[in-house]
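Trainee: I have a model open and do not know how to read it. Could we go through some features one by one?

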Amino acid sequence: MTMNAGALAAKSSTPITRQWLSWLLVVTLIYLLLAAVGAIGDGFKAAVGDNAKELFAFATNPFVGLMIGLAATALIQSSSTVTSIIVGMVAGGLPIPIAIPLIMGANIGTSLTSTIVSLGHIRSGEEFHRAFAAATVHDAFNITAVTILLPLELLFHPLERMSQALAGLLVHDSAGVDMKSMNFMKTILTPASELLEASVSWLPSKVWAGVGLIIIGIGLILFVVQAIGKVLRKVMVGRAKDIMHASVGRGPVSGIASGTVITILVQSSSTTTALIVPLAGTGVFTLRQVYPFTLGTNIGTCVTALLAATAIAGPTAELAMQIALVHLMFNLLGISIIYVLPFLRGVPPAIANFLADLAQRNKLYVGAYIGGVFFGLPLLLIGGSQL
């Protein structure tokens, strides 16, 4: 009898042990995903060198500025980095009217990471459709927001005027805040970053090492997404699934709040949307639930630019704060117009579903979309403006 009881206890503990091991594997895979996203960004920074600011040198008119912000963010893989650079450039004399389209472009460019992550599901038709739609709803919303708000800004300057008034109230002669000290995620990921950098240190130059990091980062993302999809199907059941749905899938306000908080914690909207795409691909969340979550990531990513602005002191401190507030107000105003108004709310999901239909039908559309939107069109417009 005692032996039977012991055997039953052992059997009941086995599923619990397996569940804990599965969750440990999920955490490890998420860590690898974050490290892979960071590796792509570090790789582009290494390849570009110390000339990142020169990416913005051709911002001679609003539309070219928009394309430069888009292409620079797609290359660097971090809207937080690009907006922080823009804040510094405004403090150094870049006019606000030129900086505003750059900020808008950065908002579009940041969604490339989640699109790359969705490629991890490319072998499974329906799964890939869900993942690609969840990834592109972010770009679709940002493109729609720019389509509406950029012409309004050029005609009536609402963002420039509102941010100027608010910056005047917020900026005081106080000590700056070091934004690097606020980024604990960078500290956590440092061991993985150093290991990945060491793996390409044998390459002949810094540029080649950067390219190597990019290739490793993309390969790691594709591997992790496939692996995490298999594990999530096992662990995202019962209470775990209920908790995730309570925070992300309960409704629009809860979804936006979740996206905002998680993005503030990891200080990267690219990372946050990259985490939600596998969950959408495996069917844990629907496009309708992912949509407001991605809007929250747009709000959360503004924190880095605001922190960067607080680090600026002197006569240009107010201008630095103003452009950081433009980033925040652009996203808040975009949500207020597009998501709140019923006739506009369905536009980004409709675009995302259309793109997912094309991608599922023929994978060449995926390459055309990524290459055209994030690189081809920006380079064409930038090159054309110089001619």
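Trainee: What share of contacts between residues at least 6 apart in sequence joins residues at least 24 apart?

Mentor: Keep in mind that this is a predicted model. To read such a share, look at how far along the chain the contact partners sit. Here 82% of the contacts between residues at least 6 apart join residues at least 24 apart. One pair of residues shows such a separation: M104 and V326 are 222 residues apart along the chain, and their C-alpha atoms are separated by 9.3 Å.

Trainee: Which secondary structure does the protein chain have, helices or strands?

Mentor: Count each kind of element. The protein chain has 18 helices and zero strands. M104, for instance, belongs to helix α4, residues 96-109, and N142 belongs to helix α6, residues 125-156.

Trainee: Is M104 buried or exposed?

Mentor: Compare its relative accessibility with the cut-off: buried means under 20%. M104 is at 1%, so it counts as buried. Leaving aside neighbours within four places in sequence, its contacts include L66, V146, E153 and F330.

Trainee: What about N142, buried or exposed?

Mentor: N142 has a relative accessible area of 0%, so it is buried. Beyond its neighbours within four places in sequence, N142 is in contact with N107, I108 and N298.

Trainee: Which residues touch the most other members of the largest nonpolar core?

Mentor: In soluble globular proteins, nonpolar side chains tend to be buried together. In this model the largest nonpolar core has 91 residues, and I86, V87, M104, F132, I276 and I323 touch the most other members. A second, separate core has eight residues, among them A35, L203, A209 and L213. Over the whole protein chain of 387 residues, 50% are buried.

Trainee: Which residues make the nonpolar surface patch of about 390 Å²?

Mentor: For a patch, look for nonpolar side chains that are not covered. V207, W208, V211 and I215 make this one. V211 sits in helix α9, residues 206-235. Its relative accessibility is 31%, which lies between the 20% and 50% cut-offs, so V211 counts as partly exposed. For the protein chain as a whole, carbon and sulfur atoms hold 70% of an accessible surface of about 17,800 Å².

Trainee: Which residues does the UniProt annotation "transmembrane region" cover?

Mentor: An annotation comes from a record, so name the record and then look at the model. The unreviewed UniProt entry gives residues 20-43, 55-76, 207-232, 290-312, 324-344 and 364-382. In the model, residues 324-344 are 90% helix, with end C-alpha atoms 26 Å apart. Residues 364-382 are 100% helix, and their end C-alpha atoms lie 25 Å apart.

Key:
Residues are numbered from 1 along each chain as its sequence is written. This is a predicted model: local features need pLDDT of at least 70, side-chain atom pairs count only at pLDDT 80 or more; totals for chains, interfaces and linings use all residues. Side-chain values use heavy atoms; hydrogens and water are left out. A nonpolar core is a set of buried Ala, Val, Leu, Ile, Met, Phe, Trp, Tyr and Cys residues joined through side-chain atoms within 4.5 Å. Buried means under 20% relative accessible area, exposed over 50%, partly exposed in between (1.4 Å probe, protein chains only). Helices (H or I, at least four residues) and strands (E, at least two) are DSSP runs, numbered from the N terminus. Contact means heavy atoms within 4.5 Å. Accessible areas come from the Shrake-Rupley method with a 1.4 Å probe; for residues, only the protein chains shown count as cover. Patches are made of residues with over 30% relative accessible area and no salt bridge: like charges are joined within 9 Å, nonpolar side chains (Val, Leu, Ile, Met, Phe, Trp, Tyr) within 5 Å. A salt bridge is a side-chain nitrogen of Lys or Arg within 4 Å of a carboxyl oxygen of Asp or Glu. UniProt positions are given in the numbering used here, feature names are shortened, and annotations may be inferred rather than shown by experiment.
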